Amino acid sequence: DELVKALRHEDESAVDLLRAALLLARLDNEDFDLEVYLDRAERIVRNVSEDFPEDATGEDKLKALVKHLFDQLGYHGSTGDYLSRSNSYLNEVMDDREGLPITLSVLFIELADRLELPVSGVGIPRHFIAMYREKADLEKPEGQPREILIDVFGGGKFVTRKQAAELSGFALDDDDFKPASKRSIILRMLRNLLNGA
């Protein structure tokens, strides 16, 4: 089974998170055409990259992705029937353009990856966000990487660590902002399904 192989894969970079997340939908709908959704993601990537300004920085590209996905395509967090299994199935999230924080984050992370943007998932307590983090510039004395937190459930809003803590309802420390592995993201999605969310 392809999903089991992805979960057991030792090399994180070899795991296609989008494909693995789509395979979860086969739990309830084994007949949907996975390739249609992979193609749709590639089409979004092409459309976003066409809007990149010349000499765009990573942050410019990130903003273009946010604008395209949330403002132009209308993706948003599900507030009507949050516990619906549809919100955990990425094919239905892509059809309905709404979902849970984690499913919207998976789509956002994978689109960013295809645009060569360093975006990962961050599983803070009771919420899930995306994080853009550039590599530290060793030429700069402070050597701190640029970090932008994105609340995809909130329409792609950029948030501070303090605002992320407010979304979570818990005090957060540096450990809470460590990138989640692809395996842990899929397992969290599976747990959501098993727990009825």
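The following paragraphs describe the sheet and the nonpolar cores of a predicted model.

The sheet offers a convenient starting point. Strands of a sheet pair through backbone hydrogen bonds, either parallel or antiparallel. Here four strands make up an open sheet, arranged in the order β3-β4-β5-β6 with antiparallel pairing. Its edges are β3 (119–122) and β6 (157–159), each of which pairs on one side only. From one strand to the next, the twist averages 35 degrees. Between β3 and β4, which run antiparallel, there are four bridges; Val122, for instance, has Ile129 in β4 as its bridge partner.

A helix accompanies this sheet. The helix α6 lies across β3, β4 and β5, and its direction makes an angle of about 160 degrees with β3.

The nonpolar interior comes next. The largest nonpolar core comprises 52 residues, and Leu90, Phe108 and Val119 have the most contacts inside it. Two or more residues of this core come from each of α2 (17–24), α3 (34–50), α4 (58–72), α5 (90–96), α6 (101–114), β4 (129–133), β5 (147–151) and α8 (182–194). The greatest contribution to this core is that of α6, with eight residues.

Val119 illustrates the packing at the level of a single residue. When neighbours within four places in sequence are set aside, Val119 is in contact with Leu62, Phe108, Ile109, Ala112, Ala130, Met131 and Tyr132. Apart from the largest core, there is a second, separate core of eight residues, and among them are Val122, Ile129, Leu149 and Val159. The bridge partners Val122 and Ile129 thus reappear as members of this second core.

Methods
Residues numbered from 1 in each chain as written. Predicted model: local features only at pLDDT ≥ 70, side-chain atom pairs only at ≥ 80, totals over all residues. Heavy atoms only, no water. Core = buried A, V, L, I, M, F, W, Y, C linked by side-chain atoms within 4.5 Å. Buried < 20%, exposed > 50% of the residue type's maximum accessible area, 1.4 Å probe, protein only. Contact = heavy atoms within 4.5 Å. Pairing = 2+ DSSP bridges. Axes fitted to C-alpha atoms, helices over the stretch in contact; angles between N-to-C directions.
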